[in-house]
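Here's a quick tour of a ligand site and a pair of packed helices. Have the structure open and follow along.

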Amino acid sequence: MGRALEISGLRAGYGKITVLWDVDLHADDGELVTIIGANGAGKTTLLRTISGLVQARAGSMSAFGATSLLGLSAARIVRSGIGHVPEGRQLFPLMTVRENLESGAEYLSRAKPNAARNRKLVFDLFPRLAERGAQLAGTLSGGERQMLAIGRALMSDPRLLLVDEPSLGLSPALSLTVFRALRQINAEGVTVVLVEQNVQQSLRIADRAYVLENGEVVKEGSGRELLGDPGVRAAYLSL
Ligand code: ATP
């Protein structure tokens, strides 16, 4: 099995602040890996560094067993097969659902033929988006917006999907819908790296998980192992 993502000794931050300290982490092809940790632990920064939105200061990052991601532009990283569903969704509120989806296809390597196929895939996964194609994204419900943010990332044909806090602000029922969709995307062969506050749900669906504290990986294990880990239960599950 190949490595969809391999990170070693990764350091990153903002200005004088270092947020990530020597992070080692990997995702094998086809895995669903979740990263949990308290607010401010550096989870979003980690995903943004993989995507080229924050510059790495030290360490190495490679994707699909070959491509070094260091120094690549965010656009080039999307083209290499890495999609990012950002925290807070970051849709274009005054553009329609369809237009938002098309914006996700902007960085496809072989553009148009795949765009139609990907659109069908997204609409099969989230039929609600097909019904709302002409609606402005800013008028969608929170759950629909999250579906659109995931759909937009899928339009770029990713082999690796980074997903940041998809359940934020959603009802438990809608969160379940989103988690199910992520499992389905994963079952279709897309490797998923998921950052989540909903620790219980994310550990349940994860093959493996990492705990990030103050910018360092402090624990790693299968989703099931970490669900049963007393430290994780005390810190993140209030059990
Ligand atoms: P949360 O679960 O609250 O989203 P997180 O684990 O995703 O937290 P990050 O958003 O990565 O954490 O933030 C890690 C640290 O980096 C925090 O102390 C935050 O204030 C700081 N930080 C994040 N973005 C910036 C920025 N653009 N400029 C300066 N500091 C930042």
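A residue counts as near the ligand if one of its heavy atoms lies within 4 Å of it. Keep in mind that this is a predicted model. With that cut-off, 13 residues surround the ligand, and N39, G40, K43, T44 and T45 come nearest.

**Who lines the ligand**
- Sorted by class, the shell around the ligand holds 6 polar, 4 nonpolar and 3 charged residues.
- Helix 1 (residues 43–50) supplies the largest share of that shell, with 3 residues.

**Polar contacts to the ligand**
- The side chain of N39 puts an N or O atom 2.8 Å from an oxygen atom of the ligand.
- T44 has a polar side-chain atom that also sits 2.8 Å from a ligand oxygen atom.
- For E87, the distance from a side-chain N or O atom to an oxygen atom of the ligand is 3.2 Å.
- On its own the ligand would expose 630 Å², and the protein buries 60% of that.

**Helix 3 against helix 6**
- Two packed helices are described by the angle and the distance between their axes.
- Here, the axes of helix 3 (residues 97–104) and helix 6 (residues 142–154) come within 7 Å and cross at roughly 35 degrees.
- The crossing of helix 3 past helix 6 is right-handed.
- On the helix 3 side, V97, N100, L101, S103 and G104 make the contact, meeting L148, G151 and R152 of helix 6.
- By class, the residues of this contact split into 4 polar, 3 nonpolar and 1 charged.

Notes. Residues are numbered from 1 along each chain as its sequence is written. This is a predicted model: local features need pLDDT of at least 70, side-chain atom pairs count only at pLDDT 80 or more; totals for chains, interfaces and linings use all residues. Side-chain values use heavy atoms; hydrogens and water are left out. A polar contact is a pair of N or O atoms within 3.5 Å; within protein, one must be able to donate a hydrogen and the other to accept it, and residues adjacent in sequence count only if both atoms are side-chain atoms. Accessible areas come from the Shrake-Rupley method with a 1.4 Å probe; for residues, only the protein chains shown count as cover. Helices (H or I, at least four residues) and strands (E, at least two) are DSSP runs, numbered from the N terminus. Ala, Val, Leu, Ile, Met, Phe, Trp, Tyr, Cys and Pro count as nonpolar, Asp, Glu, Lys and Arg as charged, and the others, Gly among them, as polar. Axes are lines fitted to C-alpha atoms, for helices over the stretch in contact, and angles run from 0 to 180 degrees between N-to-C directions. A crossing is left-handed if the near helix is turned anticlockwise from the far one by less than a right angle, and right-handed if clockwise. Contact means heavy atoms within 4.5 Å.
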